[in-house]
2 protein chains.
Amino acid sequence: MLDSIPSFTRLVTELTKFPGIGSKTATRLAFFLLRQTSAEAEALAGAILDLKRHTRFCSVCYHITESDPCQICTDSARDDRLLCVVETPQDLLAVERSHSFRGRYHVLHGALSPLDGIGPNDLKIPELLQRLQPGEIDEVLVATNFTVEGDATALYLARQIQQSGIRVTRLAYGIPMGSELEYVDEATVNRAIEGRRKID
Amino acid sequence: MLDSIPSFTRLVTELTKFPGIGSKTATRLAFFLLRQTSAEAEALAGAILDLKRHTRFCSVCYHITESDPCQICTDSARDDRLLCVVETPQDLLAVERSHSFRGRYHVLHGALSPLDGIGPNDLKIPELLQRLQPGEIDEVLVATNFTVEGDATALYLARQIQQSGIRVTRLAYGIPMGSELEYVDEATVNRAIEGRRKID
């Protein structure tokens with residue numbers, strides 16, 4: 001029956017392009033929009049267009065920004081000698097939320113994945129190596145994901161960067177805060193035992 | 001950190017207005033849009049605007065439509081003497097999907113709910129009663145939801161309509177197809193026993 005309402009089916013098609021939104025959810029969202037006023041629908045459409053119009057990637061760190069370079073790159077209170085490498089802007093935000101890193105960032109926009117044909121030149125890796133001028137950076141903290149691709153990327157970066165004498169570190173593996181040991185998977189327990197630390 | 005990217009936070013705010021979409025999902029959707037091309041974002045924004053521009057409610061049955069009266073109201077193969085009353089366009093679609101109703105529809109756009117201040121005049125009930133000209137309609141099938149509000153609406157409509165000699169029916173209560181009796185709630189079993197039918 002919805003075939004007779006092309007503008008409705010077209011919106012449902014557009015909404016199902018979102019990850020995690022199937023046709024049932026898309027239909028529900030479209031019906032919701034139908035009940036909204038035109039002004040409300042225009043506010044949403046405008047916000048979508050403005051996002052694409054006003055945001056870009058920072059030409060230094062490749063985080064999303066409206067001004068270039070971004071607010072983090074231009075923040076004089078941050079440590080220039082410490083660089084955190086993440087896969088995505090979302091990962092950068094996760095590190096920021098921890099309030100425990102006060103250096104600069106570099107967003108790779110992905111991880112190495114030879115099976116998917118993603119090599120160093122498909123990521124912002126050449127741009128990262130370019131930033132690592134001798135004597136200017138002390139440490140690169142690799143905060144890629146703890147997946148096969150993230151691990152491979154960390155290893156690749158460590159090999160590339162360590163040659164130049166810069167210290168390369170990785171986030172610690174271990175038991176998440178608030179966990180009950182009984183329910184933690186064995187690979188994580190294994191890594192946590194390997195990485196055990198003396199209690200001071 | 002996203003405070004420095006107002007177009008991003010604005011889109012997240014707009015997306016969280018959708019039912020069932022919280023700030024985490026909205027952020028994920030916004031990041032997805034950020035990775036789309038401008039053309040893709042424009043297609044989505046255009047679809048939202050077109051939905052509001054091109055759709056309206058049918059002036060006869062109040063279903064959504066692009067042409068007025070709608071395709072169902074103008075379908076000459078349907079039975080004019082049989083009218084199905086539903087709460088929402090989504091409910092109409094659910095009845096259509098069953099392929100077992102070939103009459104016309106009337107969409108109330110809600111159900112009676114005195115506690116929420118929703119009375120007959122807040123729904124398309126006056127318009128429904130207006131359609132029920134004596135001698136033109138044999139049966140009104142009330143397919144409101146099986147909730148307190150849906151039940152109250154069905155009872156109200158039955159009282160209003162039966163006076164005029166039109167037969168008013170309701171969808172059958174009972175055990176859903178494919179159910180295991182063990183897991184069906186007792187109120188439904190109760191209704192199914194009350195409504196038991198002779199096996200022919």
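This passage walks through the sheet, the chain pairing and a few backbone oddities of a predicted two-chain model. Residues count from 1 along each chain as its sequence is written, chains are lettered from A and ligands numbered from 1 in the order in which they are written, and side-chain values rest on heavy atoms, with hydrogens and water left out. As the model is predicted, local features need pLDDT of at least 70 and side-chain atom pairs count only at pLDDT 80 or more, while totals for chains, interfaces and linings use all residues.

Chain A carries an open sheet of four strands in the order S4-S3-S5-S6, with parallel pairing. Helices (H or I, at least four residues) and strands (E, at least two) are DSSP runs numbered from the N terminus, and two strands pair if DSSP finds at least two bridges between them. The edges are S4 (103–107) and S6 (167–170) of chain A, each pairing on one side only. From one strand to the next, the twist averages 25°; axes here are lines fitted to C-alpha atoms, for helices over the stretch in contact, and angles run from 0 to 180 degrees between N-to-C directions.

Strand S5(A), residues 139–142, pairs in the parallel sense with S6(A) over four bridges, and S3(A) and S5(A) also pair in parallel over four bridges. On the S3 side, Leu141(A) is the bridge partner of Cys84(A). Towards S6(A), Glu139(A) has Arg167(A) as its bridge partner. The chain goes from S5(A) through H6(A) to S6(A) in a right-handed β-α-β crossover, meaning that, with the strands pointing away from the viewer, the path from the first strand over the helix to the second runs clockwise. Further along the pair, Val142(A) sits opposite Arg170(A) of S6(A).

Side chains in a regular strand alternate between the two faces of the sheet. Both faces of S5(A) are covered: Glu139(A) and Leu141(A) are buried on one side, and Val140(A) and Val142(A) on the other. Buried means under 20% relative accessible area, exposed over 50%, and partly exposed in between (1.4 Å probe, protein chains only). Helix H6(A), residues 148–162, lies across S3, S5 and S6 of chain A at about 165° to S6(A). Helix H4(A), residues 89–97, lies across S3 (79–86) and S4 of chain A, at about 160° to S4(A).

Turning to the pair of chains, a turn of 180° and a shift of 0.1 Å along the axis lay chain A on chain B with an RMSD of 0.1 Å, which is the relation of a two-fold axis. The superposition is by least squares on C-alpha atoms of residues with pLDDT of at least 70 in both copies. The C-alpha of Ala45(A) is the nearest to the axis in chain A, at 2.2 Å. The copies meet through the same surface, because 100% of the interface residues of chain A are also interface residues in chain B. Leaving aside neighbours within four places in sequence, Ile48(A) is in contact (heavy atoms within 4.5 Å) with residues including Leu11(B), Leu44(B) and Ile48(B).

As for backbone oddities, the peptide bond from Asp68(A) to Pro69(A) is cis, with omega near 0°, and Pro69(A) lies in the loop between S2 (64–65) and S3 of chain A. His109(A), not a glycine, has a positive phi of about 60° and is partly exposed, at 29% relative accessible area.
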